[in-house]
Structures are given as structure tokens and as C-alpha cells.
Amino acid sequence: METAPGEPLPRTKIVGVIGLAGLVLVTLIMSPMLMTSFPSFISGGGLPDCEEVTQENEAASDGATSDIPPDYLELYRKFGKQIGVQWTILAAVGKRETDHGRSTLPGVQSGTNYAGAAGPMQFLVSTWGGAKRIKIPSEFNGYASDGDGDGWGDIYNPADAILGAARMLKRNGAPENVRRSLFVYNRAWWYVDQVEEIARKYAKDGTVKVPPQADATCDEPLVEAAPSDVVARILAYALDQRGKPYLWGGTGPDAFDCSGIIYMAYRSVGLSIPRTTFGQWPFGVKVPDGEEQPGDLVFFNAGPGTRPDSPGHVGMVVSKGKMIEARCRLCGPIKVTSYRGRDAIVGFTRPLQNPDVMNQLKKLDSAL
């Protein structure tokens, strides 16, 4: 018999002149705990290619094209790209659950199976949103999705179900932590192993790829290439939080929201900046587009009640075109992402050039 997926979706260079001696003194007064694993600064170090990969362009194996119905393969690729998960993993879930909708077992075409799961991706009706067919947008809590644009989230519709599955995998760790996302989908490690094996067979090169920025080897060069020791320490703290979940109002240590991770990263080096996005936006000195550098903040007109002069989302620049962000509870864990091409960018700021922060650095210096 088919197995049931997981649990329901839960409710919601410093520009100012600072002497080298001053920077060294700031570093020296940091606590031993904060000093651990801090890499030495290497100026002019090149960055690896940590750009996001285009998972949707990964070639399918002959076995995949012969096994997956063309319409399903198109949907796996489309929604893997749209949501940002490996299409091979998405397809492997579809294979393991219902043989891409071809299974004749109860709950695939109609009704539910013994566990209450239904449709080609075998969602629990409660996980879908409480009903098998839900008007979209929905006021209900769940993964019901409208993949075919008809205004309804139908648990038996392949487009709707595959989009919902992609969202669920993304919410629980994919594409970085595929195993965690699969375990939430169906809480059995043997299931995770089987899906990964299928996914490898569907990929032409026999591997399940993850975005390069999810690899820890991308961290050290990002930190080492920072324009100052202070920025390097700020980046080191922020990057250490990658993989943790988003939590509205979170300031760690287990979860953060978008401004919380930035607030704590600056606090980790003894600097105080505003806690919220609304406070951080006017606090930093504005930086022209194209002149941003690591440690700067990038703001977006995103989120309820926000507007261009009061942005509601923020990320921290880690290299040109890249930021670390805690985006939202449906957007997967904290990660390094691209801000190039993102809609609604309001602008960039540099908190380290704020006069108050400069004074904080001087006080830290004089404290010795």
C-alpha cells in the first residue's frame, strides 16, 4: 500500500576610516567563544563559483524519459524550477508514491488509502488543507496548490499535487537538506533512501545535485574575501546560521527572522544596530546599486504593510550578487541566495558607516 506524507504546514571594507590597530583591538576583546574557527584574512582571494545551479536543466537519464510520462516529466521540471527544488527528487517522490499516478491502489484516483492519503503525490487530506478540493487562494492551512491555473487546488490533479509537493519539500529543507525534507514528507529513513536512489537513477549523471552555496567549502572564501576583519567576523556568524529555520521575531540560537540574523551577526562583534527591518533601513548609510559589498544590507519591498520607503525584508550581502537571508517560513532554511533579478529591491545600506556604529567601534578600541 502507498505510504502517507508528513505533517501539516505550521502557522506561519568599512568606508569610514578605522585604523588597523583599532580593528585588531576590536578583535582582541571579543570573547574566546566568538574567536573559535575564525579564519585568517587573505586579501585578494578569489571566490569559487557559488552561483545557484539551474536544477531544471539537469539532463534526464534514458531511464527517466522512458519511465516518467511526458506530461508528468514536464510538471516535475516546471515546478522544480519554480519552487527551487531538484526535479529529480520531486519525480522520485511521484514514482515511489504512485508510479506517477499510474497506481490502481485506493486513494490514487479517488478516495483515500488506509492512512488517509490521496492523489498522485499522496497528500494527507489534512496536510493538503482539510478538503480534497480547495478554492485558491485559500484561507485554510495546508499545501493545496493551483498548478493548472483553474483556481482550485485539487488533490487528484497532477499539476496541483506536484506543485504542492514541491512546496512541501522546499518548506522542509530542499534543495540543500534533501534528506530532512523527504523525512518530513514520510517519516521513515528507508523511504528517504528509496527516493534518493530513484532520483539518482533519473539523473543522467547519477547524482542528486545541491546548490553550490549549500556546500561549506563556499563559506571560507566568502569570509576570507571580506573587506575587513570586522566584516569577516560578521559574515562568519551569519554563515554559521545557514540551515536553521525561519521564525518570525527569531534572534536565535535555533531560528531567526530576516532582520534577526543580521541584528545578531552585528551583535556578535560587539555592535548594536536596530532589531527590525523597519529600523535597519533608515539606520545604515545608503549605498548606490553596484557599489554594495560584503556586510552591507539589501532591502526589499516585500511583506504585509510594506512599501518602497518602508521595506519589509532584508538580507546581508556576502559577495556581489549574493546574500544570506532568512526569507520566510515557506521558503526553506536560512541560506545564501542570489539577489540579482529579485523583484522589489529597494536599495542597499552600510550599517558600519552609521555614526553611532563608528562611535561604538571607537569605544571598543578605547576600552583597552
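Axes, as used here, are lines fitted to C-alpha atoms, for helices over the stretch in contact, and angles run from 0 to 180 degrees between N-to-C directions. With that in hand, the helix packing in this predicted model can be described.

A helpful place to begin is helix α9, which spans residues 189-202. The axis of helix α8 (residues 178-185) comes within 9 Å of the α9 axis, and the two cross at roughly 125°. That angle makes α8 oblique to α9, and the crossing is right-handed. On the α8 side, the contact is made by V178, R179, L182, F183 and Y185. Their partners in α9 are W189, Y191, V192, D193, V195 and E196.

Helix α9 also packs against helix α5, which covers residues 87-98. Here the axes come within 8 Å and cross at roughly 120°, which makes α5 oblique to α9. As α5 passes α9, the crossing is right-handed. The α5 residues that take part are W87, T88, I89, A91, A92, V93, K95, R96 and E97. From α9, they are met by W190, Y191, Q194, V195, I198, A199 and Y202. Readers tracing α9 will find Y191 and V195 listed in the contact with α5 and listed again in the contact with α8.

Within α5, W87 deserves a closer look. This tryptophan has a relative accessible area of 1% and is therefore buried, the cut-off for that class being under 20%. W87 is among the α5 residues that meet α9. W87 also lies 5.2 Å from R77, C-alpha to C-alpha, although the two are 10 residues apart in sequence.

Turning to helix α7, its 14 residues run from 158 to 171. At 1.5 Å a residue, a helix of this length should span 20 Å, and the end C-alpha atoms are indeed 20 Å apart, so the expected and computed values agree. Of the 14 residues, 12 are buried, so α7 is largely enclosed by the rest of the structure. The buried set includes the run from A159 through D160, A161, I162, L163, G164 and A165 to A166. M168, L169, K170 and R171 are buried as well, so charged residue names appear here beside aliphatic ones.

Both ends of α7 offer a local detail. At its start, a side-chain oxygen of N157 reaches to within 2.9 Å of the backbone nitrogen of A159. Just after the helix, G173 takes a positive phi of about 130°.

Note on methods:
Residues are numbered from 1 along each chain as its sequence is written. This is a predicted model: local features need pLDDT of at least 70, side-chain atom pairs count only at pLDDT 80 or more; totals for chains, interfaces and linings use all residues. Side-chain values use heavy atoms; hydrogens and water are left out. Helices (H or I, at least four residues) and strands (E, at least two) are DSSP runs, numbered from the N terminus. The expected span of a helix is 1.5 Å times one less than its number of residues. Buried means under 20% relative accessible area, exposed over 50%, partly exposed in between (1.4 Å probe, protein chains only). A polar contact is a pair of N or O atoms within 3.5 Å; within protein, one must be able to donate a hydrogen and the other to accept it, and residues adjacent in sequence count only if both atoms are side-chain atoms. Angles under 35 degrees count as roughly parallel, over 145 as roughly antiparallel, 65 to 115 as roughly perpendicular and the rest as oblique. A crossing is left-handed if the near helix is turned anticlockwise from the far one by less than a right angle, and right-handed if clockwise. Contact means heavy atoms within 4.5 Å.
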